[in-house]
Amino acid sequence: MSALDPTAQSPILTHGIYPYLAARCSPPDELLTDLFEETRRKLGNLSVMQIGAELGTLLTILTASTGARRAIEVGTFTGYSSICIARGLPDDGHLLCCDVSEEWTSLARHYWKRAGLEDRIELRIGPAAATIAALPTEPVYDIALIDADKTSYQTYYDLLLPRMRTGGLILVDNVLQDGKVLDEQSPNADVRAIQAFNEVVAADERVQAVLLAVSDGLTIARKL
Ligand SMILES: C[S@@+](CC[C@H](N)C(=O)[O-])C[C@H]1O[C@@H](n2cnc3c(N)ncnc32)[C@H](O)[C@@H]1O
């Protein structure tokens with residue numbers, strides 16, 4: 001069987017195995033649980049935009065284990081993923097958060113303070129493409145998370161890649177779109193954008209990429 005066999009199946013992500021494994025990751029602490037619940041209480045259905053707890057744990061592990069010092073996040077919402085990334089940084093590390101919403105990120109600010117992380121997190125409000133484009137094109141970032149409007153993922157990736165150091169990681173959330181990426185006739189603009197984006201990253205010789213079936217799909221692209 002070819003290593004790229006398109007009929008390849010996962011022998012493990014079936015029969016309800018995902019809930020099993022998600023429940024057997026280190027649990028979120030009280031602060032993350034409070035943030036998750038407060039977001040749900042205040043924002044109702046919009047709270048599904050928060051990343052899953054298992055992905056949050058993975059973000060902290062990746063940030064800490066790569067020794068990342070400078071991080072950037074596109075799509076902060078109420079702060080769950082930003083806290084997970086910031087917790088993996090050293091005390092003098094820095095996370096730049098990009099979002100358009102003052103309202104949603106005000107809750108993030110509250111929790112950054114409670115977590116004692118406000119000194120290492122900077123928030124810039126405005127369209128993320130403009131925020132990133134205004135940054136120097138120096139390859140300074142060690143880790144990046146893309147988790148904002150899906151139709152702009154390609155733009156964010158293209159803007160971020162030159163700003164990543166060699167060996168730096170770009171992490172991209174929601175690349176499975178609840179499984180809708182398999183629908184080649186999908187009329188949904190987000191799904192179509194992610195389908196195209198996934199093809200581009202897989203063929204991009206500037207990175208080594210892997211698409212993991214964690215939460216709604218996470219691509220990890222390591223800059224070569
Ligand atoms: C899926 S949520 C992010 C969830 C967050 N990572 C978390 O863990 O809670 C997407 C966020 O992207 C933001 N967003 C949407 N369009 C944007 C844009 N053009 N520039 C910057 N942020 C944007 C939204 O305001 C929203 O907070």
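How many Å separate a nitrogen atom of the ligand from an N or O atom in the side chain of Tyr-156? Select both in this predicted model: the nitrogen atom of the ligand and the N or O atom of the Tyr-156 side chain are 3.3 Å apart.

Stay at the ligand and select Asp-99. One of its polar side-chain atoms lies 2.6 Å from an oxygen atom of the ligand. Next, pick Ala-128, where a polar backbone atom is 2.9 Å from a nitrogen atom of the ligand. The ligand on its own exposes 600 Å², of which the protein buries 89%.

Now widen the selection to the surroundings of the ligand, which comprise 19 residues. Asp-99 and Ala-128 are among those that come nearest, together with Gly-75, Ser-81 and Asp-147.

Leave the ligand and display two helices, α7 (residues 153-160) and α8 (residues 189-203). Their axes come within 9 Å and cross at roughly 30°. An angle under 35 degrees counts as roughly parallel, so α7 and α8 are roughly parallel to each other.

To see the contact itself, show side chains on both helices. From α7, select Tyr-153, Gln-154 and Tyr-157; these meet Ile-194, Phe-197, Val-200 and Val-201 of α8. Coloured by residue class, the contact of α7 with α8 shows six nonpolar residues, one polar residue and no charged residue.

How values were computed. Residues are numbered from 1 along each chain as its sequence is written. This is a predicted model: local features need pLDDT of at least 70, side-chain atom pairs count only at pLDDT 80 or more; totals for chains, interfaces and linings use all residues. Side-chain values use heavy atoms; hydrogens and water are left out. Axes are lines fitted to C-alpha atoms, for helices over the stretch in contact, and angles run from 0 to 180 degrees between N-to-C directions. Helices (H or I, at least four residues) and strands (E, at least two) are DSSP runs, numbered from the N terminus. Angles under 35 degrees count as roughly parallel, over 145 as roughly antiparallel, 65 to 115 as roughly perpendicular and the rest as oblique. Contact means heavy atoms within 4.5 Å. Ala, Val, Leu, Ile, Met, Phe, Trp, Tyr, Cys and Pro count as nonpolar, Asp, Glu, Lys and Arg as charged, and the others, Gly among them, as polar. A residue is near a molecule or strand if one of its heavy atoms lies within 4 Å of it. A polar contact is a pair of N or O atoms within 3.5 Å; within protein, one must be able to donate a hydrogen and the other to accept it, and residues adjacent in sequence count only if both atoms are side-chain atoms. Accessible areas come from the Shrake-Rupley method with a 1.4 Å probe; for residues, only the protein chains shown count as cover.
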